[in-house]
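Colleague: I'm new to this one, so could you put it up and walk me through it?
Modeller: Gladly; here it is.

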Amino acid sequence: MSSRRAFAAASFVLVSALALAGCATSAEAETEEKPAEETLTYSWERNIAGEDEEPEYVTETVEVPRNPEKIVAFEMSSVDYIGALGGEVAGAPLDSVPDYLQDNLADDAFNAGTLFEADLIEIEAQQPDIIIIGGRSSGMYDELSKIAPTVDLGITGSYMDTLERNTEFFGELLGAQDEAAKQLAALEEGIEEARALTAETGNGLALMVSGGELKAQSPAPSEGGSSQVRGGLVYDVFGVEPAIQDIKAATHGDPISFEFLLEHNPDTLWVVDRDSATGSAEEGTAAAQVLDNDIIKKTKAYQDDNIVYLNPTAWYIVYGGLETTQVMIDDVLSISK
């Protein structure tokens, strides 16, 4: 796997332990070698400070079994990686698994709770081999790690750093290294194709619509240097030239008015409908309805048919993974030249 990108604060290494057993019942008995019991050792930096406290990081190092039979995943991009590389998920927050990732669940998959709260009794009863958390579920580490080896595979560093790191991790975990390398290379080619297209389409503005309001997404990374700004990936991954530089970096964006949008008049609008992603949309708040007004119709983006409605589940809920990254690539490639 390429070492072109650093793995930031997370890394793993394959550890193999060979168990040898000798048959000593007779002089003619031969020593037999049992199958290798392989584990992966994974390390990352975990913030142990409270929500309103200065970050305080400790290094967590966990050994997990390779080729685990029962995987619990709270992090939706991990559900993506596992299925894309030939595995299946035994337990997850079932109500949060998007339709396009349903096939990645085992036929008898159990409900492990929600994205924010684990069903500890059910998980312990199921005796998983590994539990995967990240992002919204990172705060569950202390409780879940008492049940089974638990690793945090949320975004660390840039989106591309995390994509490469997690693809390699799951390739090793599932014994699918070649397939992982193949899929990662295909995504990198797709991203380069998308960047070539955005280079021809002028500047753009990533826009989140929520509760009928417009929130501009920042081209700058969020605090800590990671690209966790929803929608901001159109800039740092897909190479869109920002129409507006001075936007506050925040997960849900910087509120703006329709008049402000028209004043800066971006060539392209890249829109995430947050209410659609979270299932909280009310009548009249869908992004397409909110943007259907006389001010928007004066913009270059509208007049050139360059308002791109990004897949809200992929760009806001899952936000990572192999299949999801391909969805993002396809969204960008859908733009008119």
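Colleague: Which residues form the negative surface patch?
Modeller: Glu 51, Asp 52, Glu 53 and Glu 56 form it, where a patch takes residues with over 30% relative accessible area and no salt bridge, and joins like charges within 9 Å. This is a predicted model, in which local features need pLDDT of at least 70 and side-chain atom pairs count only at pLDDT 80 or more, while totals for chains, interfaces and linings use all residues. Residues are numbered from 1 along each chain as its sequence is written, and side-chain values use heavy atoms, leaving out hydrogens and water.

Colleague: Where does Glu 51 lie, and is it buried or exposed?
Modeller: Glu 51 is in the loop between β4 (37–47) and β5 (57–65), strands being DSSP E runs of at least two residues and helices H or I runs of at least four. Glu 51 counts as exposed because its relative accessibility is 80%; exposed means over 50%, buried under 20%, and partly exposed in between, with a 1.4 Å probe and protein chains only.

Colleague: Switching topic, how many aromatic pairs are there?
Modeller: The search of the whole structure finds 7, a pair being rings of Phe, Tyr or Trp (its six-membered ring) with centres within 6.5 Å, called stacked with planes under 30 degrees apart, edge-to-face over 60 and tilted for the rest. Tyr 81 and Phe 170 are stacked, because their ring centres are 5.4 Å apart and their planes lie at 15 degrees.

Colleague: Which parts of the chain does that pair link?
Modeller: Tyr 81 belongs to helix α1 (residues 76–84) and Phe 170 to helix α4 (residues 159–173), so to speak of distant parts is fair, as they are 89 residues apart. Tyr 81 is buried at 1% relative accessibility, and Phe 170 is buried at 0%. Both also belong to a cluster linked by ring pairs, together with Tyr 42, Trp 44, Tyr 141 and Phe 169.

Colleague: And how many salt bridges does the structure hold?
Modeller: There are 5, each a side-chain nitrogen of Lys or Arg within 4 Å of a carboxyl oxygen of Asp or Glu. One of them joins Arg 46 and Glu 60, with the closest N and O atoms 2.9 Å apart. That pair links strand β4, which holds Arg 46, to strand β5, which holds Glu 60, 14 residues apart.

Colleague: Are those two buried or exposed?
Modeller: Arg 46 and Glu 60 are both buried, and a network of salt bridges links them with Asp 142.

Note on methods. Patch = residues over 30% accessible without salt bridge, like charges linked within 9 Å, V, L, I, M, F, W, Y side chains within 5 Å. Areas by Shrake-Rupley, 256 points an atom, 1.4 Å probe, with all protein chains shown as cover. Lys, Arg positive; Asp, Glu negative; His and termini not counted. Charge placed at Lys NZ, Arg CZ, Asp CG, Glu CD.
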